[in-house]
Structures are given as C-alpha cells and as structure tokens.
Amino acid sequence: MIEHKPLKENQKDTRMKILNSALELFNEYGYDETTIPMICQKAGVSKTTLHYYFPKKQDLFVDMYNDFEELYSDNFYRIVEQETFSKQIWEVFHIMCEGDLFYGASVSQQYFINRLKEHSQQDFIKNIYHKKMLTAVIRSAQNSNQIRNQTDPEVLAEVLSFALRGVIVTWAIENGTIDLLEEGKRVVSSIIDPMPGFEI
C-alpha cells in the first residue's frame with residue numbers, strides 16, 4: 001500500500017485529477033495500452049508531478065482499489081435499509097458489483113492479473129471485509145424462513161463470495177459485455193433460494 005503524506009487541498013485535487021484521468025484511459029485503452037505520458041497529458045500534469053503522487057503506474061491501480069474498499073464501506077447503510085434479509089444479502093454484492101462497474105472491466109482485469117501473479121489469494125475468504133456481516137444477515141434470513149438454503153451461514157457466505165467473484169471475473173474477461181448486476185443477482189438468488197415473497 002502506498003503511504004500518503006498529508007496532502008493540502010490543491011494537492012488532493014491534483015491527485016484526484018491524475019486518478020480520474022488514469023481511470024478514464026484505462027477504461028478506454030486498457031491498462032497495458034495506457035502510458036504515463038497519456039495520463040500526464042489528460043490530467044494536465046508533468047511526469048514529475050505524476051511520479052510525486054504515484055511513483056509507478058501500478059501505484060495508480062493500487063490506489064483505485066484502496067478507494068474501492070472505502071467506497072464499499074461508505075455504502076454499508078444501504079444494506080440495512082433493505083426491507084428483507086434476503087434483499088440485504090443481495091445488497092452486499094450489489095454494492096460490490098457497482099464498484100466494479102464504476103472502475104470498469106479493464107481495472108478489474110488488472111486486479112485479477114495482479115492477484116494471479118502474486119499468488120496472493122490463498123487467504124481470500126479470510127480477508128473479505130464483508131464476511132462477518134454477511135454471515136449474520138444469512139443467519140437472520142434462515143431463522144426468519146426467508147431463504148430455503150439452510151447451509152451453515154459462514155459456509156454460505158463463503159460460497160456466495162466465491163460465486164460472485166466468479167461472475168465478476170467472467171464479466172472482466174468478457175470486457176464488461178455481460179450484465180454484471182443481472183448475472184450477479186441471478187447467481188445469488190439461485191444459491192440462497194428465497195422463499196416466495198422474499199425474492200431479491
């Protein structure tokens with residue numbers, strides 16, 4: 001993770017301008033085809049300025065995914081606003097999918113490529129930040145007979161997380177041409193098997 005020194009307001013603006021420019025270019029041209037000079041030109045900054053905030057192109061990407069986790073956390077309130085536990089289960093993944101849609105297929109592709117190179121996913125399920133909350137919501141959905149799947153809540157949370165990850169990987173591989181939200185919702189619904197009246 002990149003260590004950021006406290007930034008002044010104009011420095012924050014410059015940093016965000018660089019990140020937003022990089023994101024647009026990654027989505028238009030792909031991560032590999034986007035060059036540092038392209039990002040500098042789009043952001044209206046020098047190479048020196050870009051390298052001050054992001055020493056390597058990879059650091060731009062890492063920063064985007066750190067921001068994704070913050071975006072995810074900022075939207076947790078939407079989960080508890082859902083009228084049923086079964087809908088709360090979907091909302092956990094709905095927020096995740098929206099983040100991937102926001103950043104685009106190219107950024108998601110690069111994320112998974114980096115994970116493959118690092119072989120760093122052995123502890124994926126232990127590190128997912130929504131697992132405890134998802135497990136509790138699943139337990140509540142089971143106890144209130146809103147879903148038919150009575151698999152152990154912790155195991156079901158893991159199954160759902162792996163399944164949705166597969167949907168996101170497929171969406172990224174297909175360059176965003178499949179409907180991520182619709183496919184994600186279909187997979188979650190198939191796994192939890194909501195009772196009539198508690199569809200997601």
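Let me start with the surroundings of Leu164, which, once its neighbours within four places in sequence are left aside, is in contact with Phe93, Cys97, Gly184, Val187 and Val188. Leu164 itself sits in helix α10, the stretch that covers residues 153-173, and this leucine counts as buried because its relative accessibility is 0%. I would also point you to Leu180, which is 16 residues away from Leu164 along the chain, with 9.7 Å between the two C-alpha atoms.

Please keep in mind as I go on that this is a predicted model. The mean pLDDT of the chain is 86, and 86% of the residues reach 70 or more. Confidence is highest in helix α11, residues 180-192, where the mean is 98, and lowest in helix α8, residues 124-127, where the mean is 57. Where pLDDT is low, the predicted coordinates should not be read in detail, and I will therefore leave the details of helix α8, with its mean of 57, alone.

As for the overall architecture, the secondary structure of the chain comes to 11 helices and 0 strands, so if you follow the sequence from start to end you read α-α-α-α-α-α-α-α-α-α-α, as the DSSP runs are numbered from the N terminus. The chain has 200 residues, of which 46% count as buried. If we take the contacts between residues at least 6 apart in sequence, 68% of them join residues at least 24 apart. The accessible surface of the chain comes to about 10,900 Å², and carbon and sulfur atoms account for 51% of that area.

Now to the charged residues, beginning with two that are buried. Which side chain of opposite charge is nearest to Lys57? That is Asp32, at 5.3 Å, and Lys57, although buried, has no salt bridge; the cut-off for a salt bridge here is 4 Å between nitrogen and oxygen, which is why a separation of 5.3 Å is not counted as one. Lys57 lies in helix α4, residues 57-74, and a polar atom of the Lys57 side chain is 2.7 Å from the backbone oxygen of Thr34. Setting aside the neighbours within four places in sequence, Lys57 is in contact with Phe26, Tyr31, Asp32, Thr34 and Ile36, so Thr34 appears both in that list and as the residue whose backbone oxygen lies 2.7 Å from the lysine side chain, where contact means heavy atoms within 4.5 Å.

The second case is Asp100, which belongs to helix α6, residues 85-103. Asp100 is likewise buried without a salt bridge, and the nearest side chain of opposite charge, that of Arg165, is 9.2 Å away. The side chain of Asp100 does, however, make a polar contact of 2.8 Å with the side chain of Ser108.

Turning to the pairs that do form, the structure holds 8 salt bridges. One of them joins Glu24 to Lys42, with the closest N and O atoms 3.1 Å apart. Glu24 is in helix α1, residues 9-29, and Lys42 is in helix α2, residues 36-43, so this pair ties together parts that are 18 residues apart in sequence. Glu24 counts as partly exposed at 45% relative accessibility, and Lys42 is also partly exposed, with a relative accessible area of 41%.

Another salt bridge brings together the side chains of Lys87 and Glu83, at 3.0 Å from N to O. Is each partner buried or exposed? Lys87 counts as partly exposed at 23% relative accessibility, whereas Glu83 is exposed, with a relative accessible area of 68%.

In helix α11 there is a salt bridge between Glu183 and Arg186, with the closest N and O atoms at 2.6 Å. Both residues lie within that helix, 3 residues apart, which is about one turn. Glu183 is partly exposed at 27% relative accessibility, and Arg186 is partly exposed as well, at 47%. Elsewhere, salt bridges with shared partners join Arg78, Glu91 and Glu98 into one network.

I will finish with Glu182, which is also found in helix α11 and is partly exposed, with a relative accessible area of 47%. Glu182 and His94 are 88 residues apart in sequence, and their C-alpha atoms are 9.7 Å apart in space.

Definitions and conventions. Residues are numbered from 1 along each chain as its sequence is written. This is a predicted model: local features need pLDDT of at least 70, side-chain atom pairs count only at pLDDT 80 or more; totals for chains, interfaces and linings use all residues. Side-chain values use heavy atoms; hydrogens and water are left out. pLDDT is the predictor's confidence in each residue, from 0 to 100. Helices (H or I, at least four residues) and strands (E, at least two) are DSSP runs, numbered from the N terminus. Buried means under 20% relative accessible area, exposed over 50%, partly exposed in between (1.4 Å probe, protein chains only). Accessible areas come from the Shrake-Rupley method with a 1.4 Å probe; for residues, only the protein chains shown count as cover. Lys and Arg count as positive and Asp and Glu as negative; His and the chain ends are not counted. A polar contact is a pair of N or O atoms within 3.5 Å; within protein, one must be able to donate a hydrogen and the other to accept it, and residues adjacent in sequence count only if both atoms are side-chain atoms.
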